[in-house]
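User: I should like to go through how the structural terms applied to this model are justified. Please set each value against its criterion before concluding.

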Amino acid sequence: MRKEETVKLISAEGFEFVIHKDAAMVSQTIRNMLTSPGSFAETEHGEVTFPEISTTILEKICKYFYWNLQYASGKQTEFHIEPELVLELMMAANYLHT
Amino acid sequence: MSNQKKRNFQIEAFKHRVVVDPKYADKTWKVLEHAIHEIYNHNASGLSFEELYRNAYNMVLHKFGEKLYSGLVTTMTSHLKEISKSIEAAQGGMFLEEMNRKWTDHNKALQMIRDILMYMDRTYIPSTQKTPVHELGLNLWRDNIIRSSKIQTRLLNTLLELVLRERTGEVINRGLMRNIIKMLMDLGPSVYQEDFENPFLEVSAEFYRGESQKFIECCDCGDYLKKAERRLNEELDRVTHYLDARSEAKITNVVEKEMIANHMLRLVHMDNSGLVNMLLDDKYEDLGRMYNLFRRVSNGLSTIREVMTSHLRETGKQLVTDPERLKDPVEFVQRLLDEKDKYDSIIRLSFSNDKTFLNALNSSFEFFINLNNRSPEFISLFVDDKLRKGLKGVSEEDVEIILDKVMMLFRYLQEKDVFEKYYKQHLAKRLLSGKTVSDDAERSLIVKLKTECGYQFTSKLEGMFTDMKTSQDTMQGFYASHPELGDGPTLTVQVLTTGSWPTQPSVTCNLPSEMSALCEKFRSYYLGTHTGRRLSWQTNMGTADIKASFGKGQKHELNVSTYQMCVLMLFNNAERLSYKEIEQATEIPTVDLKRCLQSMACVKGKNVLRKEPMSKDIGEDDAFFVNDKFTSKLYKVKIGTVVAQKESEPEKQETRQRVEEDRKPQIEAAIVRIMKSRRALDHNNIISEVTKQLQSRFLANPTEIKKRIESLIERDFLERDSIDRKLYRYLA
């Protein structure tokens, strides 16, 4: 994985997830962050901090990004969500426009 | 139940746990406002997208959407007002540059703002039916910059002035133009149209109105068209370089209207350089240009076509009615062909083979060729001339080309049966005198006539060829059965089927005894092999080769007609013969005898006879001698009869009468055919149907058709309806 192709997502607790840009751009919000014409801090450093998203949720979200890419390319499997995460996950989804 | 169904299932936004700080909204907005300022000042690099997005997100979530939106409007407006001032301040040429630069900045900033406020775009704006951020930015730009009182007219004037400068030949910054125009288009089609396109079109119309007026006063038609074409191309070029593609039709319309449509008639009829002159001088390029330009405006092509047609008809009419030209039929037809070639190439090269023009050309030719009722005769004479001598040394393809052209003229003829009559006569003469150059050419023409007019038209012509062929066989058979004839004079007989050949009043003459004996032998041979036939001699069509020796002992072979042979043979037994004596001995009809004596006694270089008194014409009291002083460089001397190439007036009348006679049964047959299938038909319909049926052969005269109908009624083929006198019924 080359550095230009990746993006670092940082959770509220400071955990860092390094994932492919392609995967991260499943989220419209992240896509806008990375492609906006002005040079925002995120574009320059290749990392995004989410102070309102916990590590557990961000991990789930990253899994979802990759699952979504797979699903779009035809591999249709189930995405399992633990019931206790549902509420927070939905809030994050609304925020990330996923 | 139904009530519940209608309600969309919705999850309310999660109520945030954070107790809302009353100052929260103001604080958050300050952050965002600051960010917007930074963005406009090109300082965005330090900002965190996530933070700004989260702030906007939270504001919307906490029902401060209205505050966020109106704050955005105020902030952006104040920025645009500043921009507006700096654009206003820009001087002269910098004006557009500055506007373009600011526009690019604004666009970029707008995009960034839209991105960070995306959550508002997504949720707040649709639910409150406000203008989305991007569109809002464009609208604010439009209202604060483009339509601000100090900029609007200045912008328009600057743009129009640049276009004008380009029109007068200056080079302008097209890239900048394109950007500004693109900006107007981005602001919406109505902005482009109202703030630029409409005034642009008006100014252009004004410009071209003036220019065309100036040009038309001082240029000739060709130059004018060149200028118009260049202007048109310039406008097209302009459109592709920096205008909206949709303006193309509009601006070309303006040029077309001002430069072409308004001056069309004047251009076409311009003295010394108008359409007629172009046609006369074969100015293919100018004509092509005129065609392409006039095609763009309504009635343009029809104007060209009308002028061309009337010019063609006029010149054609002069051509076919000018008595000078009618003297030489071959040249007459050649001129027609040349004229046709000329216009064909004009239409091909300049009018892109336009069908309507070809039709106009054809109808004009049809019109004037039929103005002269001798056209069929002349065309046949032309063919005769070509097939007699004209085709020597010409390749087969060229022969085909010439024949095709003749066929084309033939197609224009209304009286095709008259042509047939003449063609038959001329063909008979060619065949019998053995003068036809190429059998193939003859046959190919007949095939063409056949495809054009059907089997019926050519069956007799083909019969003539068959007769020629069988005659050859008959002659071979004759000499094979009479081997003793090898030494004496040779006889070649062509047995012609009556009906296939043009009927000639059968006038016999007294053949010399040597010949008549031979003829008798042939008669008994022929009737011996073919019973039940009748042979009659057509001495007026034959030729003979005779050997003669003159005073100083020089010998010549003379190629003469049968009549001439008869006269010359008389001089074997006499020194001097008077006209009366010759007439008595030969019994040749007066006209033919005079003609044949004239050709032997009065033509220089061919005068094998001497005449007393010496004069140009043959008198009844003249006396003739063998011209002992006759000399010629050639051994073989061909003595042609003085033939009138063209028919004389009485002959013409006679042919015409025969044609009229032949038409009668054809008209009757057509009437009967039509009535047989229709049973009952009124007068006008019969006339039109008959005319249609006979069109391929001739143009039937309505009064003649009427006469034929009456004749058929008399003979009980038809009857008049007892109530409606205009209705005819067929009687089986």
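User: What makes strand 2 and strand 6 of chain B paired strands?

Analyst: In this predicted model, three bridges join strand 2 (residues 555–561) of chain B to strand 6 of chain B. Pairing requires at least two bridges, so the criterion is met with three bridges. The two strands run parallel, and L558(B) stands opposite V637(B) in strand 6 of chain B.

User: Which strands form the sheet, and in what order?

Analyst: The open sheet in chain B consists of three strands in the order 1-2-6, with mixed pairing. From one strand to the next, the twist averages 25 degrees.

User: Why do strand 1 and strand 6 of chain B count as standing at the edges?

Analyst: Strand 1 (543–549) and strand 6 (636–638) of chain B each have a single partner strand, so one side of each is left without a neighbour in the sheet.

User: What lies across strand 1 and strand 2 of chain B?

Analyst: Helix 25 (residues 562–570) of chain B lies across them, running at about 130 degrees to strand 2 of chain B.

User: Why is helix 21 of chain B called roughly parallel to helix 23 of chain B?

Analyst: The axes of helix 21 (residues 416–432) and helix 23 (residues 455–481) of chain B cross at roughly 10 degrees and come within 11 Å. Angles under 35 degrees count as roughly parallel, so helix 21 of chain B is roughly parallel to helix 23 of chain B.

User: Which residues of the two helices meet, and how do they divide by character?

Analyst: E420(B), K424(B), L427(B), A428(B) and L431(B) in helix 21 of chain B meet F457(B), K460(B), L461(B), M464(B) and M468(B) in helix 23 of chain B. The residues of this contact divide into seven nonpolar, no polar and three charged.

User: How many residues does each chain bring to the contact between chain A and chain B?

Analyst: Chain A contributes 18 residues and chain B contributes 18 residues. On the side of chain A that touches chain B, helix 2 (28–35), helix 3 (41–45), strand 3 (47–49) and helix 5 (86–96) of chain A each supply at least two residues. That side of chain A divides into eight nonpolar, seven polar and three charged residues.

User: What share of chain B is buried, and how many helices and strands does chain B have?

Analyst: Of the 732 residues in chain B, 29% are buried; a residue qualifies if 20 or more other C-beta atoms lie within 10 Å of its own. Chain B has 30 helices and nine strands.

Terms used:
Residues are numbered from 1 along each chain as its sequence is written. Chains are lettered from A and ligands numbered from 1 in the order in which they are written. This is a predicted model: local features need pLDDT of at least 70, side-chain atom pairs count only at pLDDT 80 or more; totals for chains, interfaces and linings use all residues. Helices (H or I, at least four residues) and strands (E, at least two) are DSSP runs, numbered from the N terminus. Axes are lines fitted to C-alpha atoms, for helices over the stretch in contact, and angles run from 0 to 180 degrees between N-to-C directions. Two residues are in contact if their C-beta atoms, placed from the backbone, lie within 7 Å. Ala, Val, Leu, Ile, Met, Phe, Trp, Tyr, Cys and Pro count as nonpolar, Asp, Glu, Lys and Arg as charged, and the others, Gly among them, as polar. Angles under 35 degrees count as roughly parallel, over 145 as roughly antiparallel, 65 to 115 as roughly perpendicular and the rest as oblique. A residue is buried if 20 or more other C-beta atoms lie within 10 Å of its own, exposed if 12 or fewer, and partly exposed in between; C-beta atoms are placed from the backbone.
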